[in-house]
Amino acid sequence: MPTIGVKRDLLFDALGKKYTDDEFQELCFAFGLELDEVTTEKQMLTKEQGDVAAAADASEEIIYRIDIPANRYDLLCLEGLVTALRVFQGKVKPPKFEFVEPAQRQVLKINPSTAQIRPFAVAAVLRNVTFTQDSYNSFIDLQDKLHQNICRKRTLVAIGTHDLDTIKGPFSYEALPPEQIKFVPLNQTQELNGVQLMNFYATHAQLKQYLPIIRDSPVYPVIYDANRVVLSLPPIINGDHSKISLKTKNVFIECTATDLTKAKVVLDTIVCLFSEHCAKKFTVEPCDVVQTDGTTIISYPELAVRTERISVKRANAYIGINEPANKLADMLTRMYLETEVDAKDGDSLNVKIPPTRHDVIHACDVYEDIAIAFGYNNIKKSLPAFMQIAKQFPLNKLTEQLREQVAQAGFTEALTFTLCSRDDIALKLNKKIEALPAVHIGNPKTLEFQVVRTTLLPGLLKTLVANRKMPLPMKLFEISDVVLADEAAEVGARNERRLCAVNCNKSAGFEVVHGLLDRVMQVLSVPWKTGGADKGYYLQATEDPSYFPGRCANVMYNDAVIGRIGVLHPSVLQAFDLTTPCSAVEFTIEPFV
């Protein structure tokens with residue numbers, strides 16, 4: 001959750017009213033924010049650096065540090081916060097953002113070479129801006145907050161702001177070898193190329209963290225104006241030539257990105273919040289962006305306003321209130337979502353989602369804003385309209401009961417990893433991975449975790465290896481899930497709950513695991529199937545490469561295979577570094593639920 005620091009007196013002047021700390025905290029709480037701390041610049045420096053002398057010259061002006069929800073990009077600066085609070089208080093209506101068409105639009109051309117590194121770019125212009133020192137600082141701070149938040153430390157989007165009067169369009173966005181890019185970086189006097197710039201900023205406190213984003217690329221992204229003046233080297237730094245200042249009147253904003261949607265959100269946020277400082281408030285000059293194919297020209301920013309239709313009855317039911325449609329519409333309007341009651345049925349609201357509210361992506365986000373405007377503390381506590389007694393999931397209940405019975409039979413429970421290597425479930429068990437219904441991990445971080453287990457046996461054998469110094473016999477069991485690929489399942493795979501037990505001794509001890517199987521079936525009230533019986537369990541001889549020839553059988557239940565029992569093959573034991581014979585049984589318990 002990002003935290004912004006705003007000067008108290010500046011904030012109160014913009015709100016048109018002075019508050020006590022408690023009153024402002026109550027206002028923030030009502031709006032869904034939290035006043036985290038009341039401090040000063042001097043106190044913050046003393047706290048962060050621990051040096052009172054270094055903070056001696058710092059300002060003692062009161063600063064409010066306010067926690068902002070991570071999805072509310074429109075509140076990350078003083079301008080956005082003040083506008084939202086004034087709309088919430090009903091002092092002003094939500095502003096409407098308009099395009100101002102210039103005599104000739106600025107054009108940003110994207111070169112095909114940028115596809116190698118940062119393929120997208122958007123741009124806009126703010127005309128006749130009046131900056132004060134405070135609004136200038138807020139403008140810079142907003143860019144930093146966006147870089148750390150939605151831009152994911154500039155990996156997804158990098159913002160560049162320039163004094164339009166110092167440069168000339170059309171602009172070109174290109175990707176060139178670092179040796180060919182030469183310019184004077186922001187607040188520097190010496191010209192550097194791309195390689196020198198990387199070395200120069202390698203120890204810079206703020207910028208060094210962004211260098212790895214492009215450092216190892218054969219080409220670096222760069223933006224030129226019509227005179228081949230470098231505007232910026234995204235996502236690292238802007239050029240000194242076009243830096244903005246308090247005297248800047250026209251601001252050219254460009255965003256380069258690896259995610260076009262995020263770039264649109266960032267551009268909309270910046271121009272909407274700071275168009276307040278234009279001579280004609282809330283107006284933006286669009287720019288044309290020529291795509292790499294040279295044919296498609298798109299106007300940015302989009303400043304799209306969409307309408308979400310919600311049900312009054314459903315909104316009241318979800319929140320637990322009972323308010324008429326006109327009051328809900330008023331609440332949403334106070335939350336910066338201009339709303340009207342649908343004249344046709346009276347039970348629907350038409351909610352306009354402005355370009356500042358990119359966090360509203362579903363009707364449930366609208367319901368949340370209604371709850372905030374109504375006040376969470378004002379929602380009456382009530383019991384649910386219906387009562388239901390909870391109970392344990394049947395499969396889990398059976399699992400817990402079987403764990404107790406198997407443990408009482410002399411076996412020790414093990415808990416093993418759900419992920420394993422391909423060799424564990426295939427090569428070491430004398431099987432081919434292609435023939436197994438295994439779910440593979442797309443980008444495994446280690447060779448030990450490449451697939452989801454299709455059998456519990458490898459985990460128990462690894463546990464035996466890790467406890468070779470323990471006295472024999474060792475009897476282990478596990479009741480847990482395996483995952484099997486299944487095209488018929490909704491997600492392409494399904495879980496299956498299995499019981500697996502292993503007996504390790506000087507002799508294989510097939511009778512031990514057979515006896516455990518009989519005991520489990522006994523407590524499940526499953527009879528041994530005789531010649532004339534319709535239901536029950538029995539063993540059917542089979543061959544499996546994981547088991548010794550002639551010492552393996554299928555576990556049959558109602559004439560269907562539910563598992564396997566037998567003596568493990570010597571090559572399997574050798575593959576798992578075991579030197580003593582083992583017998584094992586593994587079967588699914590789901591048919592018994």
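The exercises below concern two pockets and one sheet of a predicted model.

Residues are numbered from 1 along each chain as its sequence is written. In this predicted model, local features need pLDDT of at least 70 and side-chain atom pairs count only at pLDDT 80 or more, while totals for chains, interfaces and linings use all residues, and side-chain values use heavy atoms, with hydrogens and water left out.

**Exercise 1.** Describe the largest pocket and its lining.

*Solution.* Step 1: the largest pocket holds about 860 Å³ of space. Its lining has 35 residues, and Ile140, Gln143, Arg154, Leu186 and Asn238 are the closest to the centre. A pocket is an open set of points on a 1 Å grid over the protein atoms alone, where a 1.4 Å probe fits, with protein on both sides within 12 Å along at least five of seven lines; lining residues have an atom within 4 Å of a point. The volume is the space filled by probe spheres set on the points, which are joined across faces, edges and corners.

Step 2: helix 5 (133-148) gives the most to this lining, with seven residues. Helices (H or I, at least four residues) and strands (E, at least two) are DSSP runs, numbered from the N terminus.

**Exercise 2.** Why does the second largest pocket lie between domain 1 and domain 2?

*Solution.* Step 1: about 520 Å³ of space lies in the second largest pocket. Among its 20 lining residues, those closest to the centre are Gly5, Val6, Lys7, Ile63 and Asp141.

Step 2: strand 1 (3-7), helix 3 (41-49) and helix 5 each give two or more residues to this lining, and helix 5 gives the most, with five.

Step 3: domain 1 (3-88) and domain 2 (98-300) both supply lining residues, so the pocket lies between them. The domain bounds come from an automatic or database domain assignment.

**Exercise 3.** What is the strand order of the open sheet of three strands, and which helices pack on this sheet?

*Solution.* Step 1: the order is 17-19-18, with antiparallel pairing; two strands pair if DSSP finds at least two bridges between them. Strand 17 (306-311) and strand 18 (339-341) are the edge strands.

Step 2: strand 17 and strand 19 (348-353) pair over six bridges. Glu308 has Val351 of strand 19 as its bridge partner.

Step 3: helix 8 (312-319) packs on the sheet, touching strand 17 and strand 19 (contact: heavy atoms within 4.5 Å). Helix 9 (325-334) lies across strand 17, strand 18 and strand 19.

Definitions and conventions. Axes fitted to C-alpha atoms, helices over the stretch in contact; angles between N-to-C directions.
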